[in-house]
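Thanks for having me, everyone. I would like to walk you through one chain this morning, beginning with the whole and ending with a single pair of rings, so please keep the picture in view while I talk.

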Amino acid sequence: MATSNVVPLQRDSPRFEPILVPVDGSALSMAAAVKAVEFAQRLQARIIAFNSIPVYQYPVYVGGIPFEYPSESDYEAQCRAIADRYLSLVAEAGSEHGVPVDTRVEFNGSPAQAIVDVAQRERCGLIFMGSHGRGGLSSAFLGSVAFKTLTQAHIPVMVDHPTDEEVARAEALMREHAIEP
């Protein structure tokens, strides 16, 4: 007799709680995050909204460091402030749907590895993320955070491909909160 890998979803099952929702500041990731909030509402699950920020890179110039280049502490403060604005949109959407949302920010050179690490550290049961849905050679050359996350994660990863309409709504939401998509 063949066994099945299908897992039935039940409202009272904590299997997927919490749900990690990576947001990179794009309208596509915000559209996926809004959909993740609606999904979490149906499961009565909580969300951890997450943003991975590239680590500070010291400039390498023949003539030295340019005068206007930010210090490492300025860079981190500016990036954290921007990330907090993106994550606050997810938290606000969660509040509107009655979904508890915690936020996390991490400086890491590899977004996919950061996603997997945070999911493991926070004991998440699911990663819900957006993707452009590129395939073939473009994903091999461009690299895909979603693809890398899928291959590195040891928990289920739900990859959403938002429609153009959903992305447009996310762009409008971001502009409404004075965030450039």
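In this predicted model, 39% of the 181 residues of the chain count as buried, and the chain exposes about 10,900 Å², of which carbon and sulfur atoms supply 53%. If you trace the chain along its sequence, you meet six helices and five strands, following the pattern β-α-β-α-β-α-β-α-α-β-α. Among contacts between residues at least 6 apart in sequence, 78% join residues that are at least 24 apart.

Let me turn to the interior. The largest nonpolar core has 35 residues, and Ile-19, Val-21, Val-23, Met-30, Ile-47 and Val-90 are those with the most contacts inside it. Several elements, including β1, α2 and α6, each supply at least two residues of this core, while α1 gives the most, with nine residues. Take Val-90 as an example: leaving aside its neighbours within four places in sequence, Val-90 is in contact with Val-23, Met-30, Ala-33, Val-37, Ala-49 and Val-101. There is also a second, separate core of 14 residues, which includes Ala-114, Val-118, Cys-124 and Val-157.

Now, the rings. The count comes to two aromatic pairs, and one of them is formed by Phe-39 and Phe-128, a tilted pair at 5.7 Å centre to centre with 45 degrees between the planes. Because Phe-39 lies in helix α1 and Phe-128 in strand β4, this pair ties together parts that are 89 residues apart in sequence. Both Phe-39 and Phe-128 are buried.

Technical notes
Residues are numbered from 1 along each chain as its sequence is written. This is a predicted model: local features need pLDDT of at least 70, side-chain atom pairs count only at pLDDT 80 or more; totals for chains, interfaces and linings use all residues. Side-chain values use heavy atoms; hydrogens and water are left out. Rings of Phe, Tyr and Trp (its six-membered ring) pair if their centres lie within 6.5 Å; planes under 30 degrees apart count as stacked, over 60 as edge-to-face and the rest as tilted. Helices (H or I, at least four residues) and strands (E, at least two) are DSSP runs, numbered from the N terminus. Buried means under 20% relative accessible area, exposed over 50%, partly exposed in between (1.4 Å probe, protein chains only). Contact means heavy atoms within 4.5 Å. Accessible areas come from the Shrake-Rupley method with a 1.4 Å probe; for residues, only the protein chains shown count as cover. A nonpolar core is a set of buried Ala, Val, Leu, Ile, Met, Phe, Trp, Tyr and Cys residues joined through side-chain atoms within 4.5 Å.
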